[in-house]
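Open the model in your viewer and keep the selection box handy. We will go from the whole chain to single residues, one stop at a time.

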Amino acid sequence: MSTTTIPSVPETQDSPPGRGGAFENAVVLSQIDWEEYVLLRDKPGNPGLRMTFDDGVLEIMTLSSFHELISMLIHTFIHEWRMARNIQIRSSGSMTLRCKSINRGLEGDQSYYIQNEPRVRALNKIDLETAPPPDLAIEVEHRAAAIRKMPIYARLGVPEVWRWHDEMLTIHRLVDGEYVEQEDSTALPGFPFKQLRTALSQRSKVDETTLMRQFRQSLESCPGD
């Protein structure tokens with residue numbers, strides 16, 4: 001196995017020849033084997049980088065504050081919902097979802113065990129070779145990516161993905177190996193998706209605390225069964 005050094009992540013698009021290339025705020029490397037990917041992913045100096053591995057192609061990306069804002073707003077709404085409805089969830093954050101048997105891996109922006117929470121509750125380390133994938137993943141696509149992530153989520157068997165792209169948040173459910181867009185969440189039945197969409201659209205006009213307070217008040221005024 002050769003030793004791969006990660007070049008600096010550029011801010012503008014460029015496509016130099018050779019084994020690696022640049023794509024917006026990402027570096028794309030080709031001809032990377034599984035062991036190289038795992039070595040780079042687990043290297044102590046790389047925790048702040050997102051890596052998407054697709055059968056020999058590795059995209060390494062940095063995250064913007066805008067990207068993180070959208071991700072955390074969605075996460076906070078889910079947290080408020082789980083507390084108000086007493087839903088047992090194990091949050092898995094942006095943990096690396098990787099599986100050697102399919103030669104693929106990535107980090108979701110957020111991920112959650114809901115239906116499968118009892119199966120992973122006692123696990124300190126979750127290995128997707130033996131454990132189920134998260135029931136829900138959040139994918140915030142703020143900038144163009146070289147590798148399409150939805151097919152990787154499908155290969156990993158993630159049942160549901162909420163995808164934020166071009167100022168639109170959509171729900172995608174895995175059906176016969178492909179994602180189908182749907183109106184309501186199966187992973188979190190009854191979740192007020194329209195209200196979350198509205199809050200995301202108001203983020204530049206209303207402060208985050210106010211958005212969360214309004215959502216919490218709406219949950220208190222319409223308690224669950």
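**The whole chain**

Colour by secondary structure, and you will have six helices and twelve strands to look at. Helices here are DSSP runs of H or I with at least four residues, strands are runs of E with at least two, and both are numbered from the N terminus. This is a predicted model, in which local features need pLDDT of at least 70 and side-chain atom pairs count only at pLDDT 80 or more, while totals for chains, interfaces and linings use all residues. Residues are numbered from 1 along each chain as its sequence is written, and side-chain values use heavy atoms, with hydrogens and water left out.

Now switch on the surface. The accessible surface of the chain is about 11700 Å², and carbon and sulfur atoms contribute 49% of that; the areas come from the Shrake-Rupley method with a 1.4 Å probe, and for residues only the protein chains shown count as cover. Of the 225 residues, 46% are buried. Buried means under 20% relative accessible area, exposed means over 50%, and partly exposed is in between (1.4 Å probe, protein chains only). Among contacts in the chain with a separation of 6 or more, 59% are between residues 24 or more positions apart; a contact means heavy atoms within 4.5 Å.

**The six-stranded sheet**

Next, select β5, β8, β9, β10, β11 and β12. In that order these six strands form an open sheet with mixed pairing. Two strands count as paired if DSSP finds at least two bridges between them. Which strands stand at the edges? They are β5 (90-91) and β12, and each has a single partner strand, so one side of each is left without a neighbour in the sheet.

Keep the sheet on screen and add helix α2, which packs on it and touches β5, β8, β9 (136-141), β10 and β11. The direction of α2 makes about 155° with that of β9. Axes are lines fitted to C-alpha atoms, for helices over the stretch in contact, and angles run from 0 to 180 degrees between N-to-C directions. Then add α5, which lies across β10 and β11 and runs at about 140° to β11.

**Two hairpins in a row**

Zoom in on β10 (residues 160-165) and β11 (residues 168-175), an antiparallel pair joined by six bridges. Show side chains and look across the pair: W162 stands opposite I171, and W164 has L169 as its bridge partner. The two strands form a hairpin with two residues between them.

Pick D166 in that turn. Its phi is positive, near 55°, in a residue other than glycine. Most residues other than glycine have a negative phi. D166 counts as exposed because its relative accessibility is 62%.

Follow the chain onward to β12 (residues 178-182), which pairs with β11 in the antiparallel sense over five bridges. V175 stands opposite E178 here. This hairpin also has two residues between the strands, and D176 takes a positive phi near 50°.

**I171, inside β11**

Select I171 in strand β11. Buried or exposed? I171 counts as buried, because its relative accessibility is 0%. Leaving aside neighbours within four places in sequence, its contacts include W162, V180, Q182 and F193. Draw a distance from the C-alpha atom of I171 to that of Q182: the two are eleven residues apart along the chain and separated by 5.6 Å.

**Where two helices cross**

Hide the strands and show α2 (residues 65-85) with α5 (residues 193-201). Their axes come within 11 Å and cross at roughly 145°. The residues making the contact are I70, L73, I74 and F77 of α2 with Q195, L196, A199 and L200 of α5.

**Two loop residues**

Move to N86, in the loop between α2 and β5. N86 is not a glycine, yet it has a positive phi of about 55°. N86 counts as exposed, because its relative accessibility is 57%.

For the last stop, select N116 in the loop between β8 (110-113) and α3 (117-120). With 17% relative accessibility, N116 counts as buried. Apart from neighbours within four places in sequence, N116 is in contact with P132, P133 and D135.
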